[in-house]
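Reader: I would like a close look at one part of this molecule, namely the stretch of the first helix where charged and nonpolar side chains come together. Please take it slowly and keep to what can be read from the model.

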Amino acid sequence: MKKDFLDKQKKKLTAERNEIIDSLMGRNEQYSKLAETMESGDDADIASDTIDRTLLNSLGEADQRRLAMIDRAMDRIRLNTYGICLGCGKEIPEARLEAIPYAVLCINCQTAEERKNR
């Protein structure tokens, strides 16, 4: 891969990583505020708080998974293996990496993986 493209992707991955970390930190603050307000309340308040906690947790888990994928992509850049499909070993097209900078599979392998998991 071209150095210019790798530098651009590294900046994109770093920016996305920082955005996720900021978002997770914001959710931690929301979670803390939610815990503080969870004193005794009526059943509707308790149910609403439970739904809020569940939503915050699931959003946090998705961001944590994406953060791990970004970290692995940064590792692949350092190891000079970025852009190589883990399925077939062929180069992942730059257009796909532009759209999903932490992609590990080319479109053909990703499609096969999705079909297998249906």
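What pattern does the protein chain follow when it is read along the sequence? With that settled, please go on to E16 and its surroundings.

Author: The model is a predicted one, and, read along the sequence, its protein chain follows the pattern α-α-α-α. That is to say, the chain has four helices and zero strands. Of the 118 residues in the chain, buried residues make up 26%, and the accessible surface comes to about 8200 Å², with 52% of that area belonging to carbon and sulfur atoms. Among the contacts between residues at least 6 apart in sequence, 61% join residues at least 24 apart.

E16, the residue at the centre of your request, lies in helix α1, and this helix covers residues 3-36. The side chain of E16 meets that of R66 in a salt bridge, with 3.1 Å from N to O. Because E16 lies in helix α1 and R66 in helix α2 (residues 43-78), the pair ties together parts that are 50 residues apart in sequence. The two partners fall into separate accessibility classes: E16 is buried, with a relative accessible area of 18%, whereas R66, at 23%, counts as partly exposed. The cut-off explains the labels, because buried means under 20% relative accessible area and partly exposed begins above that, up to the 50% limit for exposed. As a general matter, side chains of opposite charge can pair when their charged atoms come close. Once its neighbours within four places in sequence are left aside, E16 is in contact with R66, I70, P101 and Y102.

Several of those names return when one turns to L13. Again leaving aside neighbours within four places in sequence, L13 is in contact with I70, A73, M74, I77, Y82, P101 and Y102. I70, P101 and Y102 are thus contacts of L13 and also of E16. L13 and I70 belong, moreover, to the largest nonpolar core, which has 19 residues and in which L13, I70, Y82, C85 and L97 touch the most other members. The elements that give two or more residues to this core are α1 and α2. In soluble globular proteins, nonpolar side chains tend to be buried together.

Between these two residues in the sequence comes T14, which also lies in helix α1. T14 is partly exposed, with a relative accessible area of 31%, and a polar atom of its side chain lies 2.8 Å from the backbone oxygen of K10. T14 can also be placed relative to D71, for the two are 57 residues apart in sequence while their C-alpha atoms are 9.0 Å apart in space.

The charged pair at E16 may be set beside others, since the structure holds eight salt bridges. One of them joins K3 and D7, whose closest N and O atoms are 3.2 Å apart. Both of these residues lie in helix α1, four residues apart, which is about one turn of the helix. K3 is exposed, with a relative accessible area of 61%, and D7, at 34%, counts as partly exposed. Another salt bridge is formed by the side chains of K116 and E113, with 3.6 Å from N to O. Because K116 and E113 are three residues apart in helix α4 (residues 107-116), about one helical turn separates them. K116, at 61% relative accessibility, counts as exposed, while E113 is partly exposed, with a relative accessible area of 30%. Salt bridges that share partners also join K8, K12 and E98 into one network.

A bench reader may also wish to know about the cysteines, one of which, C85, was named above in the core. The structure holds zero disulfides. C88 is in no disulfide, and its nearest cysteine sulfur, that of C85, is 3.8 Å away; the pair is not counted because a disulfide requires cysteine sulfur atoms within 2.5 Å. At 38% relative accessibility, C88 counts as partly exposed. C106 is likewise in no disulfide, the nearest cysteine sulfur being that of C109, 3.7 Å away. C106 counts as buried, at 10% relative accessibility.

To return to your request, E16 is a buried residue that is paired with R66 in a salt bridge and in contact with I70, P101 and Y102 besides.

Note on methods
Residues are numbered from 1 along each chain as its sequence is written. This is a predicted model: local features need pLDDT of at least 70, side-chain atom pairs count only at pLDDT 80 or more; totals for chains, interfaces and linings use all residues. Side-chain values use heavy atoms; hydrogens and water are left out. A salt bridge is a side-chain nitrogen of Lys or Arg within 4 Å of a carboxyl oxygen of Asp or Glu. Buried means under 20% relative accessible area, exposed over 50%, partly exposed in between (1.4 Å probe, protein chains only). Contact means heavy atoms within 4.5 Å. Accessible areas come from the Shrake-Rupley method with a 1.4 Å probe; for residues, only the protein chains shown count as cover. A nonpolar core is a set of buried Ala, Val, Leu, Ile, Met, Phe, Trp, Tyr and Cys residues joined through side-chain atoms within 4.5 Å. A polar contact is a pair of N or O atoms within 3.5 Å; within protein, one must be able to donate a hydrogen and the other to accept it, and residues adjacent in sequence count only if both atoms are side-chain atoms.
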